[in-house]
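These are my notebook entries on what I looked up, taken topic by topic, beginning with charged pairs and ending with the surface.

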Amino acid sequence: MATNGRQYEGRASRSATGEDRAESPARGRSRKLNPMDDIEPVEHWLRGLQDRICARIEALDGGARFVEDVWTRPEGGGGRTRILRDGAVFEQAGIGFSHVEGATMPASATAHRPELAGKAWVACGVSLVFHPRNPHVPTTHMNVRVFRAHAPGQPPVWWFGGGFDLTPFYPVDEDVRHWHAVARDLCLPFGPDVYPAYKKWCDEYFQLKHRKETRGVGGLFFDDLNRWSFDRCFEFQRAVGDGFLDAYVPIVERRRDTPYGERERAFQLYRRGRYVEFNLVYDRGTLFGLQSGGRSESILMSLPPLVRWEYGYTPEPGSPEAKLAEYLEPRDWV
């Protein structure tokens with residue numbers, strides 16, 4: 001069940017330089033985190049991340065506020081979904097925090113991890129999808145999450161996952177290079193192989209196989225992350241979450257005032273249809289949420305408020321719309 005929606009009152013901590021930063025409970029700790037009993041510090045950071053992103057997006061939009069919907073899940077846990085609608089920049093922006101649990105892992109999680117079948121689980125994360133109004137401002141998605149599965153008499157199994165990706169309709173090389181440069185730079189402290197591996201995974205994951213194209217221009221995607229200690233994996237998750245605004249906000253600021261007309265708007269709505277196709281056919285997070293008895297409204301908040309399909313549509317050769325196809329194949333950007 002859920003409470004009635006209410007306007008979110010943003011709260012964000014600020015650094016000594018005046019920069020908004022989410023609180024990070026792991027910073028300054030002398031002890032190591034234990035994955036069995038220290039999901040709470042991760043949850044605390046995730047809640048702060050949601051607050052910080054909401055505050056920045058409200059300031060960036062300047063015309064609308066997030067409305068918060070707090071909900072509980074009968075099987076265990078709950079969350080808070082925040083939606084900004086009909087803003088000056090964002091037609092719809094959704095960002096949800098959830099902490100949910102269950103007695104057995106759903107099929108979408110055990111398909112590639114059969115050893116988890118029958119285990120109780122806890123999942124905690126933040127997920128967002130922003131659908132801008134101007135077709136020249138890309139749609140974006142970001143997710144950071146942690147899972148823990150356990151059974152009596154057995155050690156817990158834990159892993160982190162997440163990433164961010166960009167879906168432009170009228171891509172600009174400068175924007176795509178910036179997006180990937182931020183992704184590369186936040187990965188570098190964790191090893192030179194991290195960005196290439198998670199960039200490649202993103203390209204492979206966000207594929208519409210039936211369309212033979214990627215969903216967008218990629219970014220980072222990682223899952224089943226336990227290659228390092230729990231502390232180090234949590235540190236990487238924080239780098240991804242904190243890096244998202246650095247990657248996305250400059251692009252919005254550059255493109256938000258680009259003129260557009262009915263042609264560009266129609267193409268934006270048509271391409272949003274591909275976003276819907278991926279989320280409903282392939283996305284593991286959507287499947288996990290629905291199969292685990294999750295809250296449908298929160299799971300499907302990623303879908304755009306308006307969309308259209310057109311049978312047999314082909315853009316005019318040489319047009320800006322036709323140029324998009326050149327970007328829907330993986331390539332190196334940095």
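**Entry 1: salt bridges.** I counted a salt bridge wherever a side-chain nitrogen of Lys or Arg came within 4 Å of a carboxyl oxygen of Asp or Glu. The model I am reading is predicted, and I keep that in mind for each entry below. With this cut-off I looked up the network first, and I found Asp51, Glu68, Arg80 and Arg82 linked to one another in a network of salt bridges. The count by this rule comes to 26 salt bridges.

I then took up individual pairs, starting with Arg52 and Asp242, whose closest N and O atoms are 2.5 Å apart in a salt bridge. This pair links distant parts of the chain, since Arg52 belongs to helix 1 (residues 39–61) and Asp242 to helix 5, with their positions 190 residues apart in sequence. Are the two partners buried or exposed? Arg52 has a relative accessible area of 4%, which is under 20%, so I noted it as buried. Asp242 is buried as well, at 9%.

The next pair I noted is Glu204 with Lys200, a salt bridge in which the closest N and O atoms are again listed at 2.5 Å. Both residues lie in helix 4 (residues 194–205), 4 residues apart, or about one turn of the helix. Glu204 counts as partly exposed because its relative accessibility is 44%.

The third pair I looked up joins Glu277 to Arg211 by a salt bridge, with 2.8 Å between the closest N and O atoms. Because Glu277 is in helix 6 (residues 262–281) while Arg211 is in the loop between strand 10 (207–208) and strand 11 (213–214), the pair ties together parts 66 residues apart in sequence. I also compared the burial of the two ends: Glu277 counts as buried at 11% relative accessibility, whereas Arg211 is partly exposed at 35%.

**Entry 2: aromatic rings.** I turned to ring pairs next. A pair of aromatic rings is described by the distance of the centres and the angle of the planes. The count by the rule I used is 32 aromatic pairs. Among them I examined Trp158 and Phe230, whose ring centres are 5.0 Å apart and whose planes stand at 80°, so I recorded the pair as edge-to-face. Trp158 is in strand 9 (residues 157–167) and Phe230 in helix 5 (residues 230–255), and the pair thereby links distant parts of the chain, 72 residues apart. I found both rings on buried residues, Trp158 with a relative accessible area of 13% and Phe230 with a relative accessibility of 3%.

I also looked for groups of rings, and I found one aromatic cluster formed by Phe190, Tyr198, Trp201, Tyr205, Phe206, Phe221, Phe222, Trp228, Phe236, Phe278 and Tyr282.

**Entry 3: charges over rings.** Which ring does the charged end of Arg215 sit over? I found it over the ring of Tyr275, at 4.1 Å from the ring centre. I recorded a further case in which Arg331 lies over the face of Tyr327, 4.8 Å from the centre of that ring.

**Entry 4: Asp223 and Asp224.** I placed Asp223 in strand 12 (residues 218–225), and its 9% relative accessibility makes it count as buried. When I set aside neighbours within four places in sequence, I found Asp223 in contact with Arg145, Trp159, Phe160, Gly161, Trp201 and Arg284. Trp201 is also a member of the aromatic cluster in my second entry.

Asp224 is likewise found in strand 12, and I noted that it has a positive phi of about 55° although it is not a glycine. With 24% relative accessibility, Asp224 counts as partly exposed.

**Entry 5: Asp86.** I recorded a positive phi of about 55° at Asp86 too, and this residue is not a glycine either. Its place is in the loop between strand 5 (77–85) and strand 6 (90–102). Asp86 counts as exposed, at 58% relative accessibility.

**Entry 6: a nonpolar patch.** Finally I looked at the surface, where Leu280, Val281, Leu290 and Leu300 make a nonpolar patch of about 320 Å². Of these residues I followed up Leu300, which lies in the loop between helix 8 (296–299) and helix 9 (320–323). Leu300 counts as partly exposed, with 31% relative accessibility.

Notes: Residues are numbered from 1 along each chain as its sequence is written. This is a predicted model: local features need pLDDT of at least 70, side-chain atom pairs count only at pLDDT 80 or more; totals for chains, interfaces and linings use all residues. Side-chain values use heavy atoms; hydrogens and water are left out. Patches are made of residues with over 30% relative accessible area and no salt bridge: like charges are joined within 9 Å, nonpolar side chains (Val, Leu, Ile, Met, Phe, Trp, Tyr) within 5 Å. Accessible areas come from the Shrake-Rupley method with a 1.4 Å probe; for residues, only the protein chains shown count as cover. Helices (H or I, at least four residues) and strands (E, at least two) are DSSP runs, numbered from the N terminus. Buried means under 20% relative accessible area, exposed over 50%, partly exposed in between (1.4 Å probe, protein chains only). Rings of Phe, Tyr and Trp (its six-membered ring) pair if their centres lie within 6.5 Å; planes under 30 degrees apart count as stacked, over 60 as edge-to-face and the rest as tilted. A charge sits over a ring if NZ of Lys or CZ of Arg is within 6 Å of the ring centre and within 35 degrees of the ring normal. Contact means heavy atoms within 4.5 Å.
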